[in-house]
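The following note sets out remarks on the model under review. The points are numbered for ease of reference.

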Amino acid sequence: MDKLAQSLREAPIIRKGDYEYFVHPISDGVPMLEPQLLREIVIKIIRKADLENVDKIVTPAAMGIHISTAVSLMTDIPLVVIRKRQYGLEGEVSLAQVTGYSENEMYMNDVTEGDRVLVIDDVLSTGGTLRGITQALEEVGADISDIVAVIKKVGGDNAMEEYEPKTLINVDVVDGSVVIVDEQGDG
């Protein structure tokens, strides 16, 4: 993960209240996302995730879309995007997203009972987004085959009770800089 580690070491840090937030192309879309970095991440996800019999990739808007689209293209697994906009379609499920700096309601369509899904997210920081997604997937009766987050920010309350998300790289923010804790991630 040379490109990912290097790009994280160079990431600027901003404060949102008491929360130290790193700005990165994978999590924020700025600075621009270089294709080599995205390619490296997608290959690592495909190698790390349990893709056997997966019916759908599920990802939250907005920053999971670019990663999950690339994985979908490489694996031919259809993609479901959980959005912040309600459409009122039949079977739409509402879920709560609670992060370290915001609370939102999100909406999921096109996942039904028995679907085997791979959940992909950009950053596991507080775990709020993934907790909301897993609860919604359980509510509809989907089978969560695997969960992969590209970056895990350690030091926060990001543990998942029933699931152990795999990560590609684990980082912390120390004295206004990103520090790589584990270049191999979890799982």
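Against which elements do the buried residues of α3 pack?

1. Packing of helix α3. The model is a predicted one. In it, the buried residues of α3 pack against α1 (2-9), α2 (25-28), α4 (65-75), β7 (116-124), β8 (143-153) and β9 (166-174). The residues of α3 that are buried are L37, L38, E40, I41, V42, I45 and K48. The list thus includes the charged residues E40 and K48. As general background, an α-helix has 3.6 residues a turn, so residues three or four places apart point the same way.

2. Length of helix α3. The helix comprises 14 residues, 35-48, and at 1.5 Å a residue it should span 20 Å. The C-alpha atoms at its ends are 20 Å apart, in agreement with that expectation.

3. Helix α4 and its partners. In α4 the buried residues are H66, I67, S68, A70, V71 and S72. They pack against α2, α3, β3, β4 (79-82), β7 and β8. Immediately after α4, D76 adopts a positive phi of about 60°.

4. Residue S72. This serine is located in helix α4. Its relative accessible area is 15%, and S72 is therefore buried, the cut-off being under 20%. Leaving aside residues up to four places away in sequence, S72 touches I57, I77, P78 and L79.

5. Cis peptide bonds. Most peptide bonds are trans, and most residues other than glycine have a negative phi. The bond from V30 to P31 is cis, with omega near -15°; P31 belongs to the loop between α2 and α3. The bond from A61 to A62 is also cis, with omega near 0°. A reviewer may wish to note that this second bond leads into an alanine, A62.

6. Surroundings of A62. The residue lies in the loop between β3 (56-60) and α4. Its relative accessibility is 46%, so A62 counts as partly exposed. A distance of 23 Å separates the C-alpha atoms of A62 and D18, which are 44 residues apart along the chain.

7. Positive phi values in two loops. N53 is not a glycine, yet has a positive phi of about 60°. It is placed in the loop between α3 and β3, and its relative accessibility of 54% makes N53 exposed. D175, likewise a residue other than glycine, has a positive phi near 50°. D175 is situated in the loop between β9 and β10 (177-182) and is exposed, with a relative accessible area of 77%.

8. Overall dimensions. The chain contains five helices and 10 strands. For 187 residues, a compact globule would have a radius of gyration near 16 Å, and the value for the chain is 16 Å, which agrees. The C-alpha trace spans about 45 × 35 × 30 Å along its principal axes.

9. Burial and contacts. Of the 187 residues in the chain, 51% are buried. Among contacts with a separation of 6 or more, 60% join residues 24 or more positions apart.

10. Surface and charge. About 9,200 Å² of the chain is exposed, and carbon and sulfur atoms supply 46% of that area. The chain carries 17 positive and 33 negative charges, whose mean positions are 5 Å apart.

Methods. Residues numbered from 1 in each chain as written. Predicted model: local features only at pLDDT ≥ 70, side-chain atom pairs only at ≥ 80, totals over all residues. Heavy atoms only, no water. Helix = DSSP H or I, 4+ residues; strand = E, 2+ residues; numbered from the N terminus. Expected span 1.5 Å × (residues − 1). Buried < 20%, exposed > 50% of the residue type's maximum accessible area, 1.4 Å probe, protein only. Contact = heavy atoms within 4.5 Å. Rg over C-alpha atoms; globule rule 2.2 N^0.38 Å. Areas by Shrake-Rupley, 256 points an atom, 1.4 Å probe, with all protein chains shown as cover. Lys, Arg positive; Asp, Glu negative; His and termini not counted. Charge placed at Lys NZ, Arg CZ, Asp CG, Glu CD.
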